[in-house]
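Welcome, and please have your viewer ready. Could you load the model and set it to a plain cartoon before we begin?

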Amino acid sequence: MGRIQIESPGPLTTVQDLGRIGYMDSGFPQSGAVDWYAASLANILCKNEENSAVLEITLGGFSCRFLSSLAFALCGAHVQAALDGVPVPVGRCVLADAGSVLQTGMADAGCRIYLAVSGGFDVPLIMGSRSTDLRCGIGGFAGRSLRRGDVLSVFPGGGFTRDAFATQEKILCGEVPIRAIPGPQDDYFTRAGLRTFFSGVYTVTPASDRMGMKLSGPAPAAALETDIVSDGIALGSVQIPAGGQPIILLADRQTVGGYAKIATVIKGDLPRLAQLRPGDRIRFIKTNRKSALAVLQEMQNTLADIKRQLQKRDQV
């Protein structure tokens, strides 16, 4: 069994997998990696199941010491990283010897970096997930963010494909297009309000976190009072509270909410959202369920192709 020791966690580092599915009716948020694609890709490069536990590193400034020889991969935000001073590219699987130190700078572009290790991090499985829920204080490493000196165990890995690499999703800049399906309460807004929402430019505010991305921009005109009887909140729901400023609900969102939801961001564009920082701008693009499913299928096909290519390399 492998182990790593945290030397610097940076601003926020937590253990995450793809989320705690099936317990929102009991009041437990989904949690999980905000950028599900980058987390899955890092795991594939390490020959793990895509749902294996990884570290989600916010903005960078992270370092750890490998107490055992382990293969690892970094994916997500663009960041300068080094293993014992030797540069390590993002999107490549690398073997670290026992005693080696991995360090990252602050991200050049993007917000979240994912560190996978061969075998996946060995933390308790709680309600089917190893993800950290910071508000409930469960999952991950003692239900909290990581601190200097923490030692994490690693499950036995399935081997190492030397120099395994994959092209990452591009970190978008400028006005980032985010596709969203109107509803479920788009009828609470006027036609002009919907046009405002799907044509305006919104800025990510510093109040954003893993629970929700708070935006600043033109307020969509409401036809009805936007306070509603609380109902379930899907990942990517866009709430419009009384002040008119949208909030996109993310991995640690509450299970129900009492504000009208004008639209829902498609799953295929959630990785784009995950990499936005305060000050970045977005523009919502209206789409439909058929197009959303096509985007998601294409992304899943890409991950499956990378997995097949790595398997072929192992057979040579």
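This tour of a predicted model goes from its cavity to its nonpolar cores.

**Stop 1: the cavity.** Begin with the inside of the protein. At a threshold of 30 Å³ or more, the structure holds 1 cavity, and the volume of the largest cavity is about 180 Å³. To find its centre, select D35, E169, I171, P271 and Q275, which lie nearest to that point among the 16 lining residues.

**Stop 2: the lining.** Now colour helix 1 (36-45) and helix 3 (270-274); each of these supplies at least two residues of the lining of the largest cavity. Which helix gives the most to this lining? Helix 1 does, with 3 residues. If you colour the lining by class, you will find 8 nonpolar, 4 polar and 4 charged residues.

**Stop 3: the largest nonpolar core.** Next, show L45, I248, L273, I282 and F284 as sticks. These are the residues with the most contacts inside the largest nonpolar core, which has 55 residues. Keep helix 1 coloured here, as helix 1 gives the most to this core, with 8 residues.

**Stop 4: around L45.** Zoom in on L45 and leave aside its neighbours within four places in sequence. What is L45 in contact with beyond them? Select A73, C75, G91, R92, C93, A164, F165, A166 and L310, and you have the set of contacts.

**Stop 5: a second core.** Finally, select A77, A81, L83 and V94. They are among the members of a second, separate core of 29 residues.

Notes: Residues are numbered from 1 along each chain as its sequence is written. This is a predicted model: local features need pLDDT of at least 70, side-chain atom pairs count only at pLDDT 80 or more; totals for chains, interfaces and linings use all residues. Side-chain values use heavy atoms; hydrogens and water are left out. On a 1 Å grid over the protein atoms alone, a cavity is a set of points where a 1.4 Å probe fits but cannot get out, and a pocket is an open set with protein on both sides within 12 Å along at least five of seven lines; lining residues have an atom within 4 Å of a point. Grid points are joined across faces, edges and corners, and a volume is the space filled by probe spheres set on the points. Helices (H or I, at least four residues) and strands (E, at least two) are DSSP runs, numbered from the N terminus. Ala, Val, Leu, Ile, Met, Phe, Trp, Tyr, Cys and Pro count as nonpolar, Asp, Glu, Lys and Arg as charged, and the others, Gly among them, as polar. A nonpolar core is a set of buried Ala, Val, Leu, Ile, Met, Phe, Trp, Tyr and Cys residues joined through side-chain atoms within 4.5 Å. Buried means under 20% relative accessible area, exposed over 50%, partly exposed in between (1.4 Å probe, protein chains only). Contact means heavy atoms within 4.5 Å.
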